[in-house]
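Trainee: Could you take one part of this model and walk me through it closely? I'd love to see how it sits among its surroundings.

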Amino acid sequence: MSIVKTYKAQQFDLSALNGISDQTLEMHFKLYEGYVTNTNTLTEKIAEFLADGKVDQEEMPAYSELTRRLGFEYNGMVLHEYYFGNMKKGSTATDPENNSSFRRLAEASFGSYEIWKADFMSVGKMRGVGWAVCNQDPEGQRLSNHWITLHEVGNVAGFVPALVMDVWEHAYLLDYKPADRPKYIEAFFSNIDWAAVEGRLVQTAQARTAATEGQ
Ligand SMILES: [Fe+2]
């Protein structure tokens with residue numbers, strides 16, 4: 001059976017970020033590698049149970065536990081890919097450009113970009129281990145910010161993650177004190193690749209398709 005995912009940390013050129021050390025990134029990539037490995041291993045083990053075409057009663061407890069863990073590992077892998085993918089080194093823009101799709105959608109969804117940002121940053125400051133995610137509803141295109149507990153509780157099915165911020169402790173504890181999570185969040189904003197965020201938006205994708213069709 002083919003593997004589900006391959007480790008692709010080499011795609012992310014993320015050394016020398018502002019306020020997020022290379023050691024932190026190294027640790028992050030190591031954890032991400034674990035999620036990729038575990039996603040593949042769990043998928044394989046679940047397939048073994050199903051090799052005879054059914055899950056027997058006595059297999060049910062082990063099968064259930066592996067399947068529950070699959071949600072954790074899978075989302076841990078995918079969210080890290082979104083997180084790495086929406087940062088870049090050498091970023092000079094803390095906020096999206098005035099005429100950008102993201103800013104317009106944030107204004108339409110929240111009243112102003114500043115309110116969107118206050119919401120997203122506040123989600124990131126929530127106590128607990130997890131993620132702050134700005135999702136886009138593919139139907140209607142509205143943006144909404146969400147707290148994800150661990151990796152798998154709170155994801156909205158079918159929504160498109162536009163901006164993803166890791167707020168597990170490993171994301172900032174080497175660089176900041178536990179109480180200084182807000183400083184990490186400020187640093188995160190100074191590394192955002194807004195072009196990558198824009199590229200994830202449904203509106204951008206539709207405009208791209210329309211432009212291609214119009215050629
Ligand atoms: Fe992480």
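Mentor: Let's take helix α2 and begin with its buried side: Ser64, Leu66, Leu70, Glu73, Gly76, Met77, Leu79, His80, Glu81, Tyr83 and Phe84 are the buried residues here. Do keep in mind that this is a predicted model. The helix runs over residues 60-85, 26 residues in all, and spans 37 Å from its first C-alpha to its last, close to the 38 Å expected at 1.5 Å a residue.

What lies over that buried side? The cover includes the helices α1, α5 (181-189) and α6 (194-200), together with the strands β1, β2 and β3 (160-166).

Two of the buried residues, Leu66 and Leu70, lead us to the cores. The largest nonpolar core has 49 residues, and Phe102, Trp116, Tyr184 and Phe189 are the ones that touch the most other members. Separate from it is a second core of 5 residues, with Leu42, Ile46, Leu66 and Leu70 among them. Leu42 and Ile46 fall within the range of α1, residues 22-49, and α1 is part of what covers the buried residues of α2.

Now follow Tyr83, another buried residue of α2. Tyr83 is one of the residues touched by Tyr184, whose other contacts include Ile20, Met165, Asp166, Val167, Ala171, Tyr172 and Tyr176, leaving aside residues up to four places away in sequence. Tyr184 belongs to α5, where Arg181, Ile185, Ala187, Phe188 and Phe189 are buried as well. Seen from α5, the cover of its buried residues includes α2, along with α4 (113-124), β2, β3 and α6.

Let's step back to α1 for its other surroundings. Leu31 is found in this helix, and joins Met27 and Leu174 in a nonpolar surface patch of about 240 Å². Leu31 is partly exposed, at a relative accessible area of 32%.

Two backbone details around these neighbours are worth a look. Most residues other than glycine have a negative phi. In the segment before α1, Ala16 has a positive phi, near 55°; Ala16 is exposed, with a relative accessible area of 55%. In the loop between β1 (130-136) and β2 (143-149), Gln141 also has a positive phi, of about 70°, although it is not a glycine. Gln141 is buried, with a relative accessible area of 15%.

Conventions:
Residues numbered from 1 in each chain as written. Predicted model: local features only at pLDDT ≥ 70, side-chain atom pairs only at ≥ 80, totals over all residues. Heavy atoms only, no water. Core = buried A, V, L, I, M, F, W, Y, C linked by side-chain atoms within 4.5 Å. Buried < 20%, exposed > 50% of the residue type's maximum accessible area, 1.4 Å probe, protein only. Contact = heavy atoms within 4.5 Å. Patch = residues over 30% accessible without salt bridge, like charges linked within 9 Å, V, L, I, M, F, W, Y side chains within 5 Å. Areas by Shrake-Rupley, 256 points an atom, 1.4 Å probe, with all protein chains shown as cover. Salt bridge = Lys/Arg side-chain N within 4 Å of Asp/Glu carboxyl O. Helix = DSSP H or I, 4+ residues; strand = E, 2+ residues; numbered from the N terminus. Expected span 1.5 Å × (residues − 1).
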